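Me: Please take a close look at one part of this protein, the sheet and what surrounds it. I should like a connected account that can be followed with the sequence and the model open.

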Amino acid sequence: MNDVSTAPRGGLARCASAGAAEQAKAEAAELLTAVGAVRRVARRAVRVSADAQALPPARSELLRLTARRPGISVAEAAQELRLAPNSVSTMVSKLTADGLLSRGRAASDGRCAQLTVTDEGTARIRQWHDIRAELAGRALEQLGAADRQAIRAAVPALARLAEQMEEL
């Protein structure tokens with residue numbers, strides 16, 4: 001009979017490590033479920049807004065990425081979004097046709113397209129942000145002080161979690 005007191009130390013460490021990994025995985029699943037729900041509600045608020053002119057999520061993400069990184073290439077955007085370059089190229093064509101993105105040529109390599117957000121694209125992003133922030137602000141007002149404080153305190157840790165996930 002092999003109880004805890006007679007088990008080899010390495011076995012206990014592995015069990016503890018496996019237990020911690022399973023606990024972290026369960027916590028991650030709960031976190032992703034909650035964050036996903038917040039994102040879905042925010043996206044739905046944009047979609048149902050009469051003025052918002054929502055885009056499919058992937059195009060919206062590409063537009064927001066380009067706003068954060070003006071001059072990004074299609075290949076860089078594909079890598080960042082973890083999408084196939086031809087998929088991103090198709091989305092760029094649609095966003096350009098919609099007047100939300102412009103595609104220029106890199107000075108160093110005329111074959112390489114550089115993406116920038118147009119004024120109309122910037123206005124659209126600002127509008128989506130305002131709708132989501134307005135909804136979240138109203139919802140936060142309805143929460144108790146302890147919940148609001150917990151959310152404020154979690155924001156830096158969530159940002160660090162996103163950075164860690166990017167690195168894996």
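Reply: H1, H2, H3, H5 and helix H6 (145-167) each supply at least two residues of the lining of the largest pocket. The model is a predicted one, and this pocket is a useful point of entry to it. The volume of the largest pocket is about 2200 Å³. Its lining comprises 44 residues, and Val35, Val38, Arg39, Ala42 and Arg132 are those that lie nearest its centre.

The sheet itself is open and has three strands, in the order S1-S3-S2, with antiparallel pairing. Strand S1 (72-73) and strand S2 (101-105) are the edge strands, each pairing on one side only. S1 is joined by two bridges to strand S3 (residues 113-117), and these strands run antiparallel. In this pairing, Ile72 stands opposite Leu115 of S3, and Ser73 stands opposite Gln114 of S3. On the other side, five bridges link S2 and S3, again in the antiparallel sense. One of the residues of S2 concerned is Ser102, whose bridge partner in S3 is Thr116.

The side chains of S3 merit separate attention. In a regular strand, side chains alternate between the two faces of the sheet. Along S3, Ala113, Leu115 and Val117 point to one face and are buried, whereas Gln114 and Thr116 point to the other face and are not buried. Leu115, the residue opposite Ile72, thus belongs to the buried set; Gln114, opposite Ser73, belongs to the set that is not buried.

Two helices accompany the strands. Helix H2 (residues 57-68) packs on the sheet and touches S1, S2 and S3, and its direction makes about 95° with that of S3. Helix H4 (residues 85-97) lies across S2 and S3 and runs at about 115° to S2.

These elements also contribute to the nonpolar interior. The largest nonpolar core has 22 residues, and Leu62, Leu63, Val88, Val92 and Leu95 have the most contacts inside it. At least two residues of this core come from each of helix H1 (9-48), H2, helix H3 (74-81), H4, S3 and helix H5 (119-142). Leu62 illustrates how the core is connected: leaving aside residues up to four places away in sequence, Leu62 touches Ala77, Leu81, Val88, Met91, Val92 and Leu95.

Definitions and conventions
Residues are numbered from 1 along each chain as its sequence is written. This is a predicted model: local features need pLDDT of at least 70, side-chain atom pairs count only at pLDDT 80 or more; totals for chains, interfaces and linings use all residues. Side-chain values use heavy atoms; hydrogens and water are left out. Two strands pair if DSSP finds at least two bridges between them. Helices (H or I, at least four residues) and strands (E, at least two) are DSSP runs, numbered from the N terminus. Contact means heavy atoms within 4.5 Å. Axes are lines fitted to C-alpha atoms, for helices over the stretch in contact, and angles run from 0 to 180 degrees between N-to-C directions. A nonpolar core is a set of buried Ala, Val, Leu, Ile, Met, Phe, Trp, Tyr and Cys residues joined through side-chain atoms within 4.5 Å. Buried means under 20% relative accessible area, exposed over 50%, partly exposed in between (1.4 Å probe, protein chains only). On a 1 Å grid over the protein atoms alone, a cavity is a set of points where a 1.4 Å probe fits but cannot get out, and a pocket is an open set with protein on both sides within 12 Å along at least five of seven lines; lining residues have an atom within 4 Å of a point. Grid points are joined across faces, edges and corners, and a volume is the space filled by probe spheres set on the points.
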